[in-house]
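Student: Could you take me closely through one part of this structure, the metal site, and then through the elements around it? I would like one connected account rather than a list.

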Amino acid sequence: MSASAKRSPRVIRLVRSPDEDGVGVLSVTVSGQTQFYVFREIPCEIGGRGFVLHRLGLGNVYHVRVGEPVDCSCECMGFLAHGRCKHVQGLLALVGHGVL
Ligand SMILES: [Zn+2]
């Protein structure tokens with residue numbers, strides 16, 4: 001396997017903008033595998049913006065907070081282990097691009 005093949009880019013897409021109820025859909029593609037998440041912003045009073053992410057198909061639900069680095073958090077194993085994860089990075093990317 002070449003070095004470039006190992007470093008497959010992570011692609012975040014906003015599939016459906018939040019509707020009047022604030023519910024939208026985003027996708028995360030890693031290594032050619034695409035996962036879809038239904039998300040909804042929730043009130044957050046401790047800094048940053050809070051979202052609930054519901055992974056379609058598996059029923060996993062994550063509460064994710066994004067903002068300044070100190071305000072980022074997620075409930076998944078990846079974040080607990082490494083302090084970052086695709087959920088935080090995905091939402092940060094969409095917020096950073098001004099689509100959320
Ligand atoms: Zn996560």
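Tutor: What follows starts at the metal site and moves outward to the core, the strands and the remaining cysteines. The model is predicted, and the description should be read with that in mind.

The zinc ion is held by four side chains, with the SG atoms of Cys74, Cys76 and Cys85 and the ND1 atom of His87 coordinating at 2.0 to 2.3 Å. The angles among these 4 donor atoms run from 106 to 114 degrees, and the geometry of the site is tetrahedral. Along the chain, the donors are arranged with the spacing C-x1-C-x8-C-x1-H. Cysteine 76 belongs to the loop between strand 5 (61-66) and helix 2 (77-82), whereas histidine 87 belongs to helix 3 (residues 86-96), so this pair ties together parts that lie 11 residues apart in sequence. Both of these donors are buried; for cysteine 76 the relative accessibility is 7%, which is why this residue counts as buried.

Another of the donors, cysteine 74, leads from the metal site into the interior. Leaving aside residues up to four places away in sequence, cysteine 74 touches Tyr62, His63, Val64, Phe79, Cys85, His87 and Val88, and two of these, Cys85 and His87, are themselves zinc donors. Cysteine 74 is also a member of the largest nonpolar core, which has 18 residues and in which Leu53, Val64, Cys74, Val88 and Leu91 have the most contacts. At least two residues of this core come from each of strand 2, strand 3, strand 4, strand 5 and helix 3.

Phenylalanine 51, in strand 4, gives a second view of how strands and helix meet. Its relative accessible area is 1%, and phenylalanine 51 is therefore buried. Beyond residues up to four places away in sequence, the contacts of phenylalanine 51 include Phe39 and Ile42, Tyr62 and Val64, and also Leu91 and Val95. The C-alpha atoms of phenylalanine 51 and valine 88 are 9.7 Å apart, although 37 residues separate the two along the chain.

The pairing of the strands can be traced from strand 4 backwards. Strand 4 (residues 49-55) runs antiparallel to strand 3, with 6 bridges between them, and phenylalanine 51 is the bridge partner of glutamate 41. The hairpin that these two strands form has 6 residues between them, and in its turn glycine 47 adopts a positive phi of about 100 degrees. Strand 3 (residues 33-42) is in turn joined to strand 2 (residues 23-30) by 8 bridges, again antiparallel, and here glycine 24 has phenylalanine 39 as its bridge partner. In that hairpin, 2 residues lie between the strands, and serine 31 has a positive phi near 50 degrees.

The glycine 47 turn also brings us back to the loop that carries cysteine 76. Aspartate 71 is found in the loop between strand 5 and helix 2, and with a relative accessibility of 16% it counts as buried. Its contacts, again without residues up to four places away in sequence, are Ile46, Gly47, Gly48, Arg65 and Val66.

Finally, the cysteines form 0 disulfides. For cysteine 44, the closest cysteine sulfur is that of cysteine 72 at 11 Å, which is too far for a bond. Cysteine 44 counts as partly exposed because its relative accessibility is 26%, whereas the zinc donor cysteine 76 is buried.

Definitions and conventions
Residues are numbered from 1 along each chain as its sequence is written. This is a predicted model: local features need pLDDT of at least 70, side-chain atom pairs count only at pLDDT 80 or more; totals for chains, interfaces and linings use all residues. Side-chain values use heavy atoms; hydrogens and water are left out. Donors are N, O and S atoms within 2.8 Å of the metal (3.2 Å for Na, K and Ca); water is not among the atoms, so sites may look incomplete. Four donors count as tetrahedral if all angles lie between 85 and 135 degrees; four count as square planar and six as octahedral if opposite donors are over 155 degrees apart and all others between 65 and 115; anything else is irregular. Helices (H or I, at least four residues) and strands (E, at least two) are DSSP runs, numbered from the N terminus. Buried means under 20% relative accessible area, exposed over 50%, partly exposed in between (1.4 Å probe, protein chains only). Two strands pair if DSSP finds at least two bridges between them. Contact means heavy atoms within 4.5 Å. A nonpolar core is a set of buried Ala, Val, Leu, Ile, Met, Phe, Trp, Tyr and Cys residues joined through side-chain atoms within 4.5 Å. A disulfide is a pair of cysteine sulfur atoms within 2.5 Å.
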